[in-house]
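Good morning, and thank you for joining this meeting. Please take a moment to look at the sequence and the structure before I begin.

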Amino acid sequence: MTELITLEDIRAAQGRIAGVAVRTPLVRLDVAGVKAEIWLKDESAQPIGSFKLRGAYNKVAQLTAEELQRGVITYSSGNHAQGVAFAARALGAKAVIVMPNSAPQVKREATVALGAEVVIVGPASKERTRKAEELAALHGYTIVPPYDDDAVIAGQATCGVEILEQLADVGLVLAPVSGGGLLSGIASGMKLVCEAEGRTPPQVWGCEPELAGDAKESFETKTLVEWAAEETTRTLADGLRTQSLGTRNFAHILRFVDGVVTVSEEEIRAALRIILSATAIVAEPSGAVALAAALFHAKELPKVEKMVVIVSGGNLDPVLKAELEAEVAAMHV
């Protein structure tokens with residue numbers, strides 16, 4: 001039986017990351033034909049351009065001086081890589097990041113720019129995990145998992161607590177899901193705070209690409225399933241290509257999450273175009289998946305007056321950004 005994080009863990013994480021991670025804004029999005037108020041929680045406003053700083057810093061900040069001296073290692077397709085690199089630099093530790101060869105160049109370069117050493121492996125999740133474990137055993141590095149870790153979950157939970165403070169009467173929160181760090185954290189944070197305060201919690205739903213729909217299958221069958229790398233790497237949402245939920249994340253998701261919905265690749269692109277044309281936010285594909293669910297899968301979601309959609313990151317590949325801008329321009333001709 002996996003032990004779940006507590007409200008005390010989340011409050012401690014809030015204190016630890018204060019002054020490092022940003023309290024990100026809620027941005028109102030008006031979309032024609034949508035009755036519910038949609039608010040975007042702009043995690044692209046974090047110093048590394050994604051929510052991943054919350055969990056990474058909360059984990060690294062708890063290491064001993066000896067562990068920091070030996071250095072840290074992680075495995076990531078990009079945003080967690082930057083979170084760990086940022087946290088390690090801030091705390092004076094060496095960071096080694098194992099990244100898949102499918103990781104966007106923009107994320108690889110940003111990780112190196114933060115002072116980390118990058119090791120490239122194949123596209124499979126297990127491949128990078130194995131390499132990180134091998135290097136950790138060889139050099140004494142401490143592994144900072146991208147999602148399957150209590151300190152990481154508690155760090156991501158701070159995002160959910162912020163939403164409750166910013167929009168107390170929110171009825172639904174939509175978060176992208178890959179390994180489950182953000183979704184499990186947000187759901188845990190919101191439900192535990194509401195429980196402690198005796199208030200009705202919002203519904204919390206996960207959103208993922210149809211091409212990487214392992215979380216939906218796991219949630220609905222109540223069994224942790226794994227998809228092949230050849231399947232999950234087909235999606236444009238590079239941050240959501242993980243092949244299965246983490247064990248700890250799955251336990252929190254089963255306890256606190258209300259549902260999971262999947263979206264198509266065209267719906268992700270449409271959501272990206274809307275964010276680009278209607279706001280000042282730059283979202284990467286993974287960051288637009290939750291909005292795609294809100295706009296195109298409303299019938300599968302609970303009816304609410306106010307919803308918050310997590311824009312999980314804004315590290316958008318420049319080539320894709322140019323494509324999207326051209327698509328937006330063509331629509332207005």
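Which strands does helix H7 lie across, and at about what angle does H7 run to E2? Helix H7, residues 150-166, lies across E1, strand E2 (37-42), E7 and E10, and the angle it makes with E2 is about 135°. I should say at once that what we are viewing is a predicted model.

Let me place that helix in the whole chain. The secondary structure comes to 14 helices and ten strands. Along the principal axes, the C-alpha atoms fill a box of roughly 55 × 50 × 40 Å. A compact globule of 333 residues would have a radius of gyration near 20 Å, and the 18 Å of this chain therefore agrees with that expectation.

I turn now to the sheets. Strands of a sheet pair through backbone hydrogen bonds, either parallel or antiparallel. The strands under H7 belong to an open sheet of six strands, in the order E1-E2-E10-E7-E8-E9, and its pairing is mixed. At its edges are strand E1 (26-29) and strand E9 (259-263), each of which pairs on one side only. From one strand to the next, the twist averages 30°. Within this sheet, strand E7 (residues 172-176) and strand E10 (residues 306-311) run parallel and are joined by three bridges. One residue to find there is Leu174, whose bridge partner in E10 is Val309.

There is also an open sheet of four strands, ordered E5-E4-E3-E6, with parallel pairing. Its edge strands are strand E5 (117-121) and strand E6 (142-143). Two bridges connect strand E3, residues 72-75, with E6, and Val72 has Thr142 as its bridge partner in E6. Helix H6 lies across E3, strand E4 (95-100), E5 and E6, and runs at about 165° to E3.

Helix H6 leads us to the open spaces. Which helix gives the most residues to the lining of the largest pocket? That helix is H6, with three residues. The pocket holds about 330 Å³ of space. It has 17 lining residues, and those closest to its centre are Thr129, Tyr147, Asp148, Ser244 and Gly246. Helix H6 (125-139) and helix H11 (247-256) are the elements that give two or more residues to this lining. By class, the lining comprises six nonpolar, seven polar and four charged residues.

The second largest pocket contains about 260 Å³ of space. Its lining has 13 residues, and Val34, Lys35, Ala36, Ala298 and Lys303 lie nearest its centre. Here nine residues are nonpolar, one is polar and three are charged.

What is the volume of the largest cavity? The volume is about 450 Å³, and the count of cavities of 30 Å³ or more comes to one. The cavity is lined by 39 residues, with Lys52, Ser77, Ser178, Gly239 and Thr242 nearest its centre. Helix H4 (79-91), H6 and helix H8 (181-197) each supply at least two of the lining residues. That lining has 14 nonpolar, 19 polar and six charged residues.

I close with a detail of the backbone. Most residues other than glycine have a negative phi. Lys222, although not a glycine, has a positive phi of about 55°. Lys222 is located in the loop between helix H9 (214-221) and helix H10 (229-232).

Conventions:
Residues numbered from 1 in each chain as written. Predicted model: local features only at pLDDT ≥ 70, side-chain atom pairs only at ≥ 80, totals over all residues. Heavy atoms only, no water. 1 Å grid on protein atoms, 1.4 Å probe; cavity = no way out; pocket = protein on both sides within 12 Å on 5 of 7 lines; lining within 4 Å. Points joined across faces, edges and corners; volume = space filled by probe spheres on them. Nonpolar A, V, L, I, M, F, W, Y, C, P; charged D, E, K, R; others polar. Pairing = 2+ DSSP bridges. Contact = heavy atoms within 4.5 Å. Axes fitted to C-alpha atoms, helices over the stretch in contact; angles between N-to-C directions. Rg over C-alpha atoms; globule rule 2.2 N^0.38 Å.
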